Amino acid sequence: MKTALPLTLSLALLATMATASIAVWSTIMPGADLAVHFGFDGTLNRYAPAPFALSIVPAVALVSTIIFALGPRFDRRTSDKPVLYAVLWLFVIVVLAAGHALIVGHALSAN
């Protein structure tokens with residue numbers, strides 16, 4: 001199974017998330033708490049310290065990318081439906097990136 005396209009897109013989104021986290025981190029006050037959990041209606045449910053809030057989603061996206069990239073080596077069934085596997089991979093990474101965008105957007109609007 002060819003993983004070049006989903007891997008490239010995943011790494012691009014990871015780089016974007018890391019850059020956004022660094023940019024926001026430099027603009028917020030030290031010791032600030034950022035929103036990390038939103039309800040379906042957009043209301044804030046939970047806060048976390050800025051270092052955790054800005055690094056947890058990119059870290060999860062990195063682990064997810066590694067798992068998806070190595071998946072075909074350990075489970076040959078992924079080769080049966082390569083398009084479905086790639087779509088699922090990209091869906092997971094895009095959902096994580098969207099969640100990270102919410103956290104970063106809220107952090108920028110709070111300043």
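**Exercise 1. How many aromatic pairs does the chain hold, and which residues form a cluster of rings?**

*Solution.* The count comes to 3 aromatic pairs, where rings of Phe, Tyr and Trp (its six-membered ring) pair if their centres lie within 6.5 Å, and planes under 30 degrees apart count as stacked, over 60 as edge-to-face and the rest as tilted. Before going on, note that this is a predicted model, in which local features need pLDDT of at least 70, side-chain atom pairs count only at pLDDT 80 or more, and totals for chains, interfaces and linings use all residues. Residues are numbered from 1 along each chain as its sequence is written, and side-chain values use heavy atoms, with hydrogens and water left out.

Step 1. Take Phe 68 and Tyr 85: their ring centres are 5.6 Å apart with 65° between the planes, an edge-to-face pair. Phe 68 sits in helix H2 (residues 50-74) and Tyr 85 in helix H3, 17 residues apart, so this pair links distant parts of the chain. Helices here are DSSP runs (H or I, at least four residues), strands are runs of E (at least two), and both are numbered from the N terminus.

Step 2. Now try Tyr 85 and Trp 89. With centres 6.3 Å apart and planes at 70°, this pair is edge-to-face. Being 4 residues apart in helix H3, Tyr 85 and Trp 89 are separated by about one helical turn.

Step 3. Put the steps together: ring pairs link Phe 68, Tyr 85 and Trp 89 into a cluster.

**Exercise 2. Is Phe 68 buried or exposed, and what about Val 95?**

*Solution.* Start with the cut-offs: buried means under 20% relative accessible area, exposed over 50%, and partly exposed in between (1.4 Å probe, protein chains only).

Step 1. Phe 68 has a relative accessible area of 13%, so Phe 68 is buried.

Step 2. Tyr 85, with 12%, is buried, and Trp 89 is buried as well.

Step 3. Val 95 has 44%, so Val 95 is partly exposed. This residue is found in helix H3 (residues 82-110).

Step 4. For the whole chain, 31% of the 111 residues count as buried.

**Exercise 3. At roughly what angle do the axes of H1 and H3 cross, and at what angle do H1 and H2 pack?**

*Solution.* Axes are lines fitted to C-alpha atoms, for helices over the stretch in contact (heavy atoms within 4.5 Å), and angles run from 0 to 180 degrees between N-to-C directions. Angles under 35 degrees count as roughly parallel, over 145 as roughly antiparallel, 65 to 115 as roughly perpendicular and the rest as oblique.

Step 1. The axes of H1 (residues 4-25) and H3 come within 10 Å and cross at roughly 10°. H1 is therefore roughly parallel to H3.

Step 2. Among the residues in this contact are Leu 13 and Met 17 of H1, and Trp 89 and Ile 93 of H3. The contact divides into 17 nonpolar, 3 polar and no charged residues; Ala, Val, Leu, Ile, Met, Phe, Trp, Tyr, Cys and Pro count as nonpolar, Asp, Glu, Lys and Arg as charged, and the others, Gly among them, as polar.

Step 3. H1 and H2 pack at about 170°, with axes 10 Å apart, and are therefore roughly antiparallel. This contact includes Leu 14 of H1 and Leu 62 of H2, and its residues divide into 12 nonpolar, 3 polar and no charged.
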